[in-house]
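Student: I have not seen this structure before. Could we go through its empty spaces and its core?

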Amino acid sequence: MTEEEERFHKKMAERLFEVRDAEGMTQEELAEKVGVQGNSIHRYEVAKRKMGFYTAVKMADALNTTVERLIPKEYIHEIEKTEIEREAEDVFHKLSPEEQKMLLRQMKGMLILLA
């Protein structure tokens, strides 16, 4: 593995910890939701175990987020968002999954009315 790949995995491990911690979820709770052994989450968070894409998808789903949010920002080429887009995204991520679904339905309804 190259130094750059090692750096990527270490930063992704840090992101996993940050997102899990922000969600208030323990390693054991995340492991149960993802379907892995309890010590696996610790190994991912200290970069002793490399996370494959399928596992990243399962982790993101269990953490109510996206895979993109688990990837270190310096590895993602982002299209510049407006201030209102960033603010809306921040608010959206603070909602529960049910609240997100409800808001999305309301937004889609608005589009129909405006069409």
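**Cavity, core and pocket**

Tutor: In this predicted model, the largest cavity is lined by His 9, Met 12, Ala 13, Tyr 44, Arg 49 and Met 51.

Student: Which helix gives the most to the lining of the largest cavity?

Tutor: The lining divides into four nonpolar residues, one polar and one charged. Three residues of the lining come from one helix, and that is the most any helix gives. The helix is helix 1.

Student: What volume does the largest cavity have?

Tutor: The structure holds one cavity of 30 Å³ or more. The volume of the largest cavity is about 40 Å³.

Student: Which helix supplies the largest share of the largest nonpolar core?

Tutor: This core has 17 residues, and Leu 16, Leu 30, Met 51, Met 59, Leu 63 and Leu 70 have the most contacts inside it. Helix 1 (3-22), helix 2 (27-34), helix 3 (38-45), helix 4 (53-62) and helix 5 each supply at least two of its residues. The largest share is four residues, and it comes from helix 4.

Student: How many charged residues are in the lining of the largest pocket?

Tutor: The largest pocket holds about 370 Å³ of space. Its lining has 16 residues, with Glu 68, Lys 73, Lys 81, Glu 89 and His 93 nearest the centre. Three residues of the lining are nonpolar and two are polar, while the number of charged ones is eleven.

Student: Which helix gives the most to the lining of the largest pocket?

Tutor: Helix 5 (67-70) and helix 6 (83-94) each supply at least two residues of this lining. The most from one helix is five residues, given by helix 6.

Definitions and conventions:
Residues numbered from 1 in each chain as written. Predicted model: local features only at pLDDT ≥ 70, side-chain atom pairs only at ≥ 80, totals over all residues. Heavy atoms only, no water. 1 Å grid on protein atoms, 1.4 Å probe; cavity = no way out; pocket = protein on both sides within 12 Å on 5 of 7 lines; lining within 4 Å. Points joined across faces, edges and corners; volume = space filled by probe spheres on them. Nonpolar A, V, L, I, M, F, W, Y, C, P; charged D, E, K, R; others polar. Core = buried A, V, L, I, M, F, W, Y, C linked by side-chain atoms within 4.5 Å. Buried < 20%, exposed > 50% of the residue type's maximum accessible area, 1.4 Å probe, protein only.
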